[in-house]
Amino acid sequence: MSNLVRAALVQQRWTGDKDSMIAGAVEAIGAAASQGAQVVCLQELFYGPYFCQVQDADYYSYTEPIPDGPTTKLLQEVAERHGIVIVAPMYEEEQPGVYYNTAAVIDADGRYLGKYRKNHIPQVKGFWEKFYFRPGNTGYPVFDTAVGRIGVYICYDRHFPEGWRALGLAGAKIVFNPSATSRGLSQYLWRLEQPAAAVANEYYVGAINRVGVEPLGDNDFYGQTYFVDPRGELVGEAASDDKDEVVVRDLDLGKLAEVRDLWAFYRDRRPDSYGSIVEP
């Protein structure tokens, strides 16, 4: 396996309907593949608005089963057609009344590999997520894909270091963090937390955000999607803060061994002293 992985991130503005969002994402995946991308991640809840700005049961209609729903099936065909790994964040229905904020992972041959369900669920003004989602129950899986071992963390998860570390311990080389984050309270953290996680856990992070102000609220999603390496340095520039964009970057996985040999954080961990972290 080559040490160089060409990876892509897609940020989109809400178009007003699910079908056009899916069509736009499929087009963006094709554009990434045409530039040689081998893996691509879409934004959080990619085919809908960020409906968590309000509490309205009508938005339960955006749920689909995973992997048996139509969008997962479509993206399996897209992945196989382009030979590209796809990480697709969607609104999952496990059964009527039981819903999760979930990312499906599809390999480059179209095989469904599994899912990650968002573990940490906020409930604050403009982010009323406990109304819509149960906390995840998948743990922190790492997926063996055509580009190597990848993990997924979703939006609010990024504020919790424990899951980042669990993904590193499980062998993740690239971790994708699809988000819907807006200007204001947490914007200054956008260029701080993911680089810090990449450094602490010695892997690449792909941070994805949507763009625009949606009709449901005042949240102004500011894009600035980027990749960051295990030294905490951006790989190329971040995306625009107000336009749809496909970010394609080359990630040198050989750098992971260099950084891990230099800093040896995994060698020097002291799990025997961390018991208090998991106490309620």
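Strand 2 (residues 39–41) and strand 3 (residues 85–95) run parallel to each other and are joined over 3 bridges, where strands count as paired if DSSP finds at least two bridges between them. Within this pairing, Cys41 has Val87 of strand 3 as its bridge partner. Strands and helices are DSSP runs numbered from the N terminus, a strand (E) having at least two residues and a helix (H or I) at least four. The model is a predicted one, in which local features need pLDDT of at least 70 and side-chain atom pairs count only at pLDDT 80 or more, while totals for chains, interfaces and linings use all residues. Residues are numbered from 1 along each chain as its sequence is written, and side-chain values use heavy atoms, with hydrogens and water left out.

Strands 2 and 3 belong to an open sheet of 6 strands with mixed pairing, in the order 5-4-3-2-1-15. Its edges are strand 5 (112–117) and strand 15 (245–252), each of which pairs on one side only. On average, and with direction ignored, neighbouring strands of this sheet are turned by 30 degrees against each other. Helix 2 (residues 70–82) packs on the sheet and touches strand 3, strand 4 (98–106) and strand 5, and its direction makes about 165 degrees with that of strand 3. Such angles run from 0 to 180 degrees between N-to-C directions, with axes fitted to C-alpha atoms and, for helices, over the stretch in contact; contact means heavy atoms within 4.5 Å.

According to the UniProt annotation, from an unreviewed entry, residues 5–253 are covered by "domain: CN hydrolase"; such annotations may be inferred rather than shown by experiment. The span is 19% helix and 31% strand, and its end C-alpha atoms lie 7 Å apart.

A search of the whole structure finds 26 aromatic pairs, a pair being rings of Phe, Tyr and Trp (its six-membered ring) with centres within 6.5 Å, called stacked when the planes are under 30 degrees apart, edge-to-face when over 60, and tilted for the rest. Two of these pairs are set out below.

| Pair | Type | Centre to centre | Angle between planes |
|---|---|---|---|
| Tyr60 and Tyr99 | tilted | 5.0 Å | 45 degrees |
| Tyr91 and Tyr132 | edge-to-face | 6.4 Å | 75 degrees |

The tilted pair links distant parts of the chain, since Tyr60 lies in the loop between strand 2 and helix 2 and Tyr99 in strand 4, 39 residues apart. Tyr60 counts as partly exposed because its relative accessibility is 22%, whereas Tyr99, at 11%, counts as buried; the cut-offs are under 20% relative accessible area for buried and over 50% for exposed, with partly exposed in between (1.4 Å probe, protein chains only). In the edge-to-face pair, Tyr91 of strand 3 and Tyr132, in the loop between strand 7 (127–128) and strand 8 (142–145), are 41 residues apart. Tyr91 is buried at 1%, and Tyr132 is buried at 2%. These four tyrosines are among the members of one aromatic cluster, which also includes Phe51, Tyr59, Tyr62, Phe131 and Phe133.

Ala172 lies in the loop between helix 3 (161–169) and strand 10 (174–178), and it is buried because its relative accessible area is 0%. Beyond its neighbours within four places in sequence, Ala172 is in contact with Val142, Arg149, Ile150, Gly151, Leu167, Tyr203 and Arg260.
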